[in-house]
Amino acid sequence: MNDIKLLALDLDGTALKSNNSLSTVVKKAIKRASENGITVVAASGRPYGSMPDYILNMNAFKYFITSNGAGIYDNKRNRIKSVQLKEKSVLEILELTKDYDLIWEAFLEGETCTDKRYYDNPQKYGCSAAYVDYVRNSRGYSDDMRGYIYKNRNRLDSIEFVSTDAELRKTIWNMIEKSVPDVYVTSSSTHFVEIMDGQATKANALRFICDMLNVSLENTAAAGNADNDVDMIVEAGLGVAVKNACGNCKNNADLIVSSNDDDGIAELIDIIL
């Protein structure tokens, strides 16, 4: 195994348990990694404003990749990198989807807004009971999300829609990928389709932090569970999937550890150390 100097960890479904908590075992392991000179990075699809305080306040995390790479922050809460959606791309997406009644969410620096229908009843749209409070505590809401997105079209980190209809998700995903080539479409959870600028990926964010710290990618490890983690897993010197990860993650990983609910990240850190 390469000498690991930087460890990038996805949060939901990877470092965090399914009940949206960080286990004591994983928390201690992350602290131990940091104490042993490893730069630990949280790499999430969440915008910075929706990151849990118990993550932001952990001294062990030195950097935060947010919105799948659209925003990078240091542990002093400074935004050190931004890759926002192009206004042209946003307008093209709004035009393409005008005939679909979608549950949209929008992510800006320091601000998150969701469709009031999702805010009022997240479980109707596939949210697990454990994440209902997270949704309501981390978002504002609007009755007109298309209008909100249009109004903020030149300052969006990312947008996404939520649907339990797999065929609809596939249709819109393919349509956007085909017609708007400069965006990156991915998913961090089953019912989400997330859209960022084409350069806003976890892999590019990992590369940016490594260049800044003069760390070779060969000396990095990255762990995840979903499609939005695959590029980071491929890019890292040691790509890791938790046991509960999607097939794409597992197929591209060098190592598979125990699931998020069985402290797989603690297992990984034990292996690294």
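Helix H8 gives the most to the lining of the largest pocket, with five residues. This is a predicted model, and H8 is a good place to start looking around it. The helix runs over residues 166-179, and the notes below follow it from its own geometry to its surroundings and then to the pocket.

**Helix H8: length and cap**
- With 14 residues at 1.5 Å a residue, H8 should span 20 Å, and this agrees with its end C-alpha atoms, which are 20 Å apart.
- At the N-terminal end, Asp165 acts as the cap of H8: one of its side-chain oxygens sits 3.1 Å from the backbone nitrogen of Glu167.

**Helix H8: two sides**
- Arg169, Ile172 and Ile176 are the buried residues of H8.
- These residues cover an arc of only 75 degrees around the axis, so they lie on the same side of H8.
- Glu167, whose backbone nitrogen takes part in the cap, is exposed on the other side of H8, along with Lys170 and Lys178.
- The cover over the buried residues of H8 includes helix H4 (87-96) and three strands: S9 (158-162), S10 (183-186) and S11 (192-197).

**The largest pocket**
- Its volume is about 960 Å³.
- The lining comprises 41 residues, and those closest to the centre of the pocket are Ser188, Ser189, Thr190, His191 and Phe192.
- At least two lining residues come from each of helix H1 (11-15), helix H6 (132-138), H8 and S11.
- Strand S11 thus appears twice in this briefing: it is among the elements covering the buried residues of H8, and it supplies residues to the pocket lining.

Methods: Residues numbered from 1 in each chain as written. Predicted model: local features only at pLDDT ≥ 70, side-chain atom pairs only at ≥ 80, totals over all residues. Heavy atoms only, no water. Helix = DSSP H or I, 4+ residues; strand = E, 2+ residues; numbered from the N terminus. Expected span 1.5 Å × (residues − 1). Buried < 20%, exposed > 50% of the residue type's maximum accessible area, 1.4 Å probe, protein only. Arc of directions from axis to C-beta. Contact = heavy atoms within 4.5 Å. Polar contact = N/O pair within 3.5 Å; in protein donor to acceptor, adjacent residues only side chain to side chain. 1 Å grid on protein atoms, 1.4 Å probe; cavity = no way out; pocket = protein on both sides within 12 Å on 5 of 7 lines; lining within 4 Å. Points joined across faces, edges and corners; volume = space filled by probe spheres on them.
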